[in-house]
Amino acid sequence: AFEQALAFCDAEKEIYDNNDDNDYMTQVTAKAARPPRTIACVESEQDMAGGKLQVVRLNSRPGASRRSKWKEERMIRVWTPPGYHKDMCGEKGIPVLYLNDGKNLFEDWLAHQGVSWNAGHCAGHLIGSGKLPPFMIVGVDSPGPFRSQCYLPFPPGIGINDHRPDAAKWPGGEVEPYMERIVQEMLPMINTEYGGSLERERLCFGGASFGGVCAIYTAMYYPDVFSSVLVESPSLWSGMGKFLGTMYDHEGEWAERMFMATGTLEYSYTRDHDWPEMDHQLLKYV
């Protein structure tokens with residue numbers, strides 16, 4: 001903590017009022033550093049694309065309230081490249097791709113739509129072909145019913161033309177606390193346990209759907225932590241497109257690189273009926 005003294009003056013900065021030598025004083029206290037998360041156990045390990053995939057259970061956050069434990073990150077999925085071990089990472093650490101919705105990344109049987117990203121096999125191919133240097137992937141499982149709350153800066157609502165009535169009462173608004181946990185608790189743990197880098201030039205963050213909105217938020221407000229962002233099918237319809245205004249008005253820095261992609265059948269392909277007009281509207285958002 002430190003003291004901050006304030007002195008008031010006129011427009012010409014000639015006459016100062018210091019309240020008869022009694023300075024206006026206030027105390028500014030920096031936020032206490034959060035302890036990194038810790039690993040409770042490695043629940044499983046399997047070979048994947050020449051590398052290793054570990055499913056890791058985390059201990060609860062120290063001092064977390066009973067209510068907040070429902071929203072905290074409990075499971076992560078860590079893919080490391082072929083032949084990697086922590087002693088190989090060097091001073092800078094191995095580059096890391098952090099992704100939301102860990103269950104959707106590696107195995108079809110766990111993925112929400114029944115088809116995963118095949119992230120491990122994709123990474124293994126890119127590394128094996130020499131297109132990218134070795135890197136690791138950390139998939140952070142979502143907190144289930146609190147997914148929208150952690151990934152969105154506001155409740156999603158039902159969208160234009162009421163196309164998402166299922167989301168009418170879903171929560172939102174806690175993307176900043178979520179990202180604080182990722183940056184202050186997750187990154188140091190991955191650095192300690194796996195040799196993951198802490199250098200922004202070697203860190204990328206990504207997600208899809210609600211997780212894609214979270215990734216754009218990260219590009220806007222955490223460019224000092226992540227130099228690159230991967231955004232797939234972002235739910236820019238959420239909040240009646242409010243986040244588009246936030247993006248437009250943003251005057252700060254952005255992440256250096258951002259890859260964004262979306263499908264042409266974002267609605268119809270994931271439903272039992274077609275709605276071409278909605279597919280077109282969702283595409284226009286991007």
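## A buried glutamate and its partner

Glu185 is buried, because its relative accessible area is 4%, where buried means under 20%, exposed over 50% and partly exposed in between, as found with a 1.4 Å probe on the protein chains only. The structure is a predicted model, in which local features need pLDDT of at least 70, side-chain atom pairs count only at pLDDT 80 or more, and totals for chains, interfaces and linings use all residues. Residues are numbered from 1 along each chain as its sequence is written, and side-chain values use heavy atoms, with hydrogens and water left out.

The side chain of Glu185 forms a salt bridge with Arg34, and the closest N and O atoms of the two residues are 3.3 Å apart; the term stands for a side-chain nitrogen of Lys or Arg within 4 Å of a carboxyl oxygen of Asp or Glu. Because Arg34 lies in the loop between strand S4 (24-28) and strand S5 (39-48), while Glu185 lies in helix H3, this pair ties together parts that are 151 residues apart in sequence. Helices (H or I, at least four residues) and strands (E, at least two) are DSSP runs, numbered from the N terminus. Unlike buried Glu185, Arg34 counts as partly exposed, because its relative accessibility is 26%.

## Further salt bridges

Another pair is formed by Arg77 and Asp141, whose closest N and O atoms are 2.9 Å apart. This salt bridge links distant parts of the chain, since Arg77 belongs to strand S7 (residues 75-80) and Asp141 to the loop between strand S9 (136-140) and helix H2 (147-151), with their positions 64 residues apart in sequence. Here both partners are buried, because Arg77 has a relative accessibility of 8% and Asp141 one of 6%.

A salt bridge also joins the side chains of Arg200 and Glu201, with 3.7 Å from N to O. In addition, Arg34, Arg61, Glu180 and Glu185 are joined into one network by salt bridges that share partners. Under the 4 Å rule, the count of salt bridges comes to 11.

## The bend in helix H3

Helix H3, which carries Glu185, spans residues 175-194 and bends by about 35 degrees at Met186, and the proline Pro188 follows within four residues. The bend at a residue is the angle between axes fitted to the seven residues ending there and the seven starting there. Just after helix H3 comes Gly195, which takes a positive phi of about 80 degrees.
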